[in-house]
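Trainee: Please pick one part of this structure and take me through it up close. I'd like to see how its pieces fit together.

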Amino acid sequence: MSIAGTDKPDKMYSSLTEKYVSTELELENAIVVKGLRKSFKQLTVLDGVNFVVKKGTVLALLGPNGAGKTTTIRILSTLLLPDSGQVLINGFDVVKNANKVRSLIGLTGQYAALDEYLTGRENLHMIGRLYRLSHLDIKRRTEELLELFDLVEASNRTVKTYSGGMSRRLDLAVSLIASPPIIFLDEPTTGLDPRSRLIMWDIITQLVSSGTTILLTTQDMDEADHLADRIIVINGGKIIAEGTSDELKQRIGSERLEIAVAAESSFEKAKKVIEDDSSLRSDDKMRTLSLVTKGGVNQLKQVLSRLDEAGIEVENISSRSPTLDDVFLTLTGHTCNDQTEKQKSKEVRK
Ligand SMILES: Nc1ncnc2c1ncn2[C@@H]1O[C@H](COP(=O)(O)OP(=O)(O)OP(=O)(O)O)[C@@H](O)[C@H]1O
Ligand SMILES: [Mg+2]
């Protein structure tokens, strides 16, 4: 039985003991999502999504642009109502106990949500006050976070003078001010330079080792590989794959043969020569072509002789295990880089 409008977790009610008893699922999991559906007019974005996130772990939500990752995070963080289904955060229902849920979570949205006319320090103080932290705690956490995110020097400048990366770092710091047990991060490192990205990864790892639960979305497969205990891929409104990074890689199997083409000018031609292999993937920056290894030495000979006949010089040949990028491409038909490039061009057009 659920308990509408109260501050008690939405747990099963036992008439025998007159006590609320948590189901095993709720005790073990910080986030429980059951049958979640959401449409915007004719557009079905989430079409029956189910997953759980164990306490003290990181779940990465992957999917192509428009797959519904931000929509999921907005529902889980009480910013958007679902059409149907149920979401429990530490046992509290996001619709019926929205206020309680808000006190348990931190959120960094895909786009910075800061007051541009306040300084970095003032933004942190303001959110600390909204969380009703004590004056002392606000001061202590603000200084800790400014230090951690390398923002001490800029802390007394208004945010409108910050670079994109600095705003992003402050936005992340703000979501950590109250040390919430559950944190949602929508593309936390998009727009960060490599050093800031590593700092963020470190912070996430530290938070998780002290028991925080994190749900993040990312377009960066290295990030998912590095941080996530489990990964979910959504596409077409549904979860199409779920598991650890290793499980997902094993699922698509086979080693890949990787061929580096010597001259940039012959790279496009090389792609055409072996485009009939449906497993072909190309990396324009690295000038490499990769194929699923299926025919051993014979396959290798055949590919090399076709490239040779076309006058294409091969610089290097190697074999490698599948990456999460390969998994993403196989499952969704896009590379993650495609997604990021599309996203960038979308942002440029804005
Ligand atoms: N408020 C809204 N009104 C109408 N359509 C919306 C609204 N919010 C999201 N959508 C649509 O829902 C779909 C999912 O959007 P969402 O932002 O969840 O995708 P995403 O997976 O986060 O994508 P990205 O990788 O680009 O961030 C998109 O087609 C989007 O246009
Ligand atoms: Mg999004």
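**A hairpin and its neighbours**

Mentor: Start at I89, whose bridge partner in β7 is F92. This is a predicted model, in which local features need pLDDT of at least 70 and side-chain atom pairs count only at pLDDT 80 or more, while totals for chains, interfaces and linings use all residues. Residues are numbered from 1 along each chain as its sequence is written, and chains are lettered from A and ligands numbered from 1 in the order in which they are written.

Now widen the view. β6 (residues 84–89) and β7 (residues 92–93) run antiparallel, joined by 2 bridges (strands pair if DSSP finds at least two bridges between them). Their hairpin has 2 residues between the strands, and N90 takes a positive phi near 45° there.

β6 also pairs with β3 (residues 29–40), again antiparallel, through 5 bridges. Look at K34 for an example: its partner in β6 is Q86. The protein chain has 13 helices and 16 strands (DSSP runs numbered from the N terminus: helices are H or I, at least four residues; strands are E, at least two).

Follow β3 to residue 40 and you meet ligand 1: F40 is among the residues that come nearest, along with N65, K69, T70 and T71. The shell holds 13 residues (near means a C-beta atom, placed from the backbone, within 6 Å). Two elements, β4 (43–54) and α2 (69–76), give two or more residues to this shell, and α2 gives the most, with 3.
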